[in-house]
Every structure is written in C-alpha cells, then in structure tokens.
Amino acid sequence: VLNTSERLSAHLGRALRLTPEISMTLVLSLSALLAGVSQLDAGPKIDPAHLPDDVRQMMEAFAGRDIFTAAGRFILAGIRQGGRPQESLGRSGGWPSCRWIAFGGLPSGFDLAGFGAVILGANDESKLHHVDGHLSDVAMSNPFTATILEHIEQATPWLALCRRQYMWWFADFEARADSDTLRSGLRAADQLWREFDDADNSR
Amino acid sequence: VLLALTAQKFEDWADSLFELVHDGIDDEAFLEAYQEASLRDPLMLKLSARLGGVIEHNVSIERLIESKRMC
C-alpha cells in the first residue's frame with residue numbers, strides 16, 4: 001500500500017506541481033473526504049420520482065458527489081495556500097486573504113475569554129471584524145497577540161506569528177487549566193460565538 | 001478474501017488515477033478525475049468504508065499484516 005501510495009503521490013505531485021510530501025497529504029485528505037461523503041449516498045436507492053419534493057430536494061442537497069467537489073476545492077486551496085502563504089497573501093491582501101489561511105487546517109491562536117483558542121481561526125472573514133473588542137486580558141497578555149493584530153490591520157502575513165501565539169497560549173493554558181476553567185471557558189466561548197453570529201445576522 | 005479484494009481495488013483505483021491525471025491538469029479537472037477514479041468500481045468505496053471498521057476486525061493479526069504488505 002505504501003509503495004503504491006508513494007508512486008501515486010509522486011505522479012500527482014508532478015501533475016499538480018506539488019511536492020511528493022504535500023501530494024501524499026492531498027491523497028490522504030481526499031481519500032478521507034471521499035470515505036466520509038460516500039456514507040451520505042449509502043442509504044437505500046429510491047427512485048426520486050417516488051419521493052415528495054421536499055425530501056428529494058433534501059437528498060439532492062446532501063449528495064456526496066457535490067459535497068466532495070466543494071470540500072475538495074477547499075482542501076486543494078488550503079494545500080496550495082500552505083505551500084505558498086507569503087506569495088498568495090502578498091498578491092491578494094486584505095481580509096479575504098486571511099480567510100484562506102484557515103484552509104490549511106491551522107487554528108489561529110486568538111484566546112477568547114481565556115479559552116477558545118481554536119474556535120476563532122481565520123476561517124470566517126466576517127468574524128474577524130469583530131475580534132478586537134472581544135479579546136480577553138489573557139489573550140492580550142500573549143506577547144504575539146498585539147503583533148498579529150497589527151499585521152491583520154495592515155493586511156500583511158501573520159500565519160507564522162499565529163502558530164507561535166497558539167503555542168504560547170497552549171503552554172500557558174496547560175499550566176493553569178483545571179476542570180472549572182475548562183467548563184467556564186467553553187461556556188464563554190460558546191456565548192461569544194453566538195454574539196458573532198448575531199452580529200453577522202444583523203448586518 | 002475481502003482483504004485481498006480491497007487491496008486489488010486499491011491498485012485498480014491507483015491505476016485509474018495514473019491514467020486520468022496528467023501533467024498540468026488544473027485543480028477542478030483533478031477533482032473530477034479523482035472522483036471518477038473512485039467511482040469507476042462501486043465496490044471500491046464499499047470495501048474501503050468497511051475496511052477499518054469491519055473487515056480488519058475479523059481477521060487474524062497475521063492476515064492483517066500480510067494484507068498490508070500485499071501491494
């Protein structure tokens with residue numbers, strides 16, 4: 001299996017202009033995606049003509065083929081972004097470029113209300129507009145936070161800083177977390193997420 | 001038998017990708033090709049979906065190791 005996977009990765013890497021290592025990641029990611037979405041089509045095969053319109057529309061909306069293609073685009077975009085973050089950020093700039101960073105699968109390190117570090121990645125452009133008013137004292141005590149915010153404001157790359165911020169947060173959080181902290185942190189993060197959603201919905 | 005069949009399907013699937021994906025292919029065409037290769041043989045996905053959860057749980061360790069070395 002490994003030999004075949006390696007040969008395949010090398011072939012796909014050449015075709016798609018990716019390194020063999022990244023190509024292997026792509027193959028594994030798409031295979032996992034396919035295994036997941038194939039379950040959506042694993043139900044009994046029923047002639048759509050025999051289904052009510054609402055049920056038929058629902059089944060069409062959750063068809064594995066469409067979801068594979070849509071999610072596959074994100075994976076490819078993320079992999080390409082992961083390979084060339086500086087180039088892509090420099091070319092496009094601004095909030096949309098920040099949004100693409102998260103497709104590399106990397107959580108950013110914003111520590112919301114003392115927890116929630118992995119909740120607010122750069123995966124939602126609209127939510128980034130609401131960030132600065134919600135950062136906790138803990139988040140602001142992270143030495144990388146202010147620098148990241150400056151980079152976001154200037155639309156310059158900040159992914160590497162984000163990783164460092166996350167690792168700093170993780171070490172700090174691990175040292176001070178207990179079960180009460182976890183519970184209250186999750187509640188606070190959930191509440192903040194609702195506020196972001198409400199803010200988006202009201203725009 | 002199911003392990004061997006799964007391994008064979010994996011090889012066939014890889015061969016399909018070698019055939020369908022060519023140098024310079026764009027991302028959209030690649031995704032189409034990947035999906036086509038995966039759907040060419042309906043057994044491929046069915047066996048893959050059951051490999052870790054069912055098939056591999058019902059063979060001996062020796063058979064499992066053997067199957068991992070087959071391709």
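**View 1. A:Arg80 and B:Asp27 shake hands across the interface.** In this predicted model, the side chains of A:Arg80 and B:Asp27 come together as a salt bridge, with 2.8 Å from N to O. The pair runs between chains, from helix α4 of chain A, home of A:Arg80, to helix α2 of chain B, where B:Asp27 sits. Buried or exposed, what is A:Arg80? A:Arg80 is buried, at a relative accessible area of 13%. B:Asp27 has 21% relative accessibility and counts as partly exposed, because the buried class takes in values under 20%.

**View 2. B:Glu28 and A:Arg73 make another bridge between the chains.** Here the side chains of B:Glu28 and A:Arg73 meet at 2.5 Å, N to O, in a salt bridge. The two partners belong to helix α2 of chain B (B:Glu28) and helix α4 of chain A (A:Arg73). B:Glu28 is partly exposed, with 36% relative accessibility, and A:Arg73 is partly exposed as well, with 41%. How many salt bridges cross the interface of chain B and chain A? The rule finds two, while a search of the whole structure turns up six over all chains.

**View 3. The side of chain B that touches chain A.** Pull back a little and 23 residues of chain B are in contact with 27 residues of chain A. About 2,300 Å² is buried between the two chains, and carbon and sulfur atoms give 64% of that area. Three residues stand out: B:Phe18, B:Leu31 and B:Gln35 supply 26% of the area that chain B buries against chain A, more than any other three residues. On the polar side of things, seven residue pairs are in polar contact across this interface, both partners being at pLDDT 80 or more. Which helices of chain B each supply at least two residues to this side? They are α1 (2–20), α2 (27–39) and α3 (42–51). The largest share, eight residues, comes from α2(B). Sorted by class, this side of chain B has 14 nonpolar, five charged and four polar residues.

**View 4. Rings stack between A:Phe68 and B:Tyr34.** Over all chains, the search of the whole structure finds four aromatic pairs. In one of them, A:Phe68 and B:Tyr34 are stacked, 6.0 Å centre to centre with 15° between the planes. This pair joins two chains, because A:Phe68 lies in helix α4 (residues 64–83) of chain A and B:Tyr34 in helix α2 of chain B. Both A:Phe68 and B:Tyr34 are buried. Follow the ring pairs and you get a cluster: B:Phe10, B:Trp13, B:Phe30 and B:Tyr34 of chain B, together with A:Phe68 of chain A.

**View 5. B:Asp41 and B:Lys9 tie up chain B from within.** The side chains of this pair form a salt bridge at 2.5 Å, N to O. B:Asp41 is in the loop between α2 and α3 of chain B and B:Lys9 is in helix α1 of chain B, so the bridge ties together parts that are 32 residues apart in sequence. How accessible are the two partners, B:Asp41 and B:Lys9? B:Asp41 counts as partly exposed, at 23% relative accessibility, whereas B:Lys9 counts as buried, at 14%. Also in chain B, salt bridges with shared partners link B:Glu19, B:Glu36 and B:Arg40 into one network.

Notes. Residues are numbered from 1 along each chain as its sequence is written. Chains are lettered from A and ligands numbered from 1 in the order in which they are written. This is a predicted model: local features need pLDDT of at least 70, side-chain atom pairs count only at pLDDT 80 or more; totals for chains, interfaces and linings use all residues. Side-chain values use heavy atoms; hydrogens and water are left out. Contact means heavy atoms within 4.5 Å. Buried area is the accessible area (1.4 Å probe) that two parts lose on being put together, summed over both. A salt bridge is a side-chain nitrogen of Lys or Arg within 4 Å of a carboxyl oxygen of Asp or Glu. A polar contact is a pair of N or O atoms within 3.5 Å; within protein, one must be able to donate a hydrogen and the other to accept it, and residues adjacent in sequence count only if both atoms are side-chain atoms. Helices (H or I, at least four residues) and strands (E, at least two) are DSSP runs, numbered from the N terminus. Ala, Val, Leu, Ile, Met, Phe, Trp, Tyr, Cys and Pro count as nonpolar, Asp, Glu, Lys and Arg as charged, and the others, Gly among them, as polar. Rings of Phe, Tyr and Trp (its six-membered ring) pair if their centres lie within 6.5 Å; planes under 30 degrees apart count as stacked, over 60 as edge-to-face and the rest as tilted. Buried means under 20% relative accessible area, exposed over 50%, partly exposed in between (1.4 Å probe, protein chains only).
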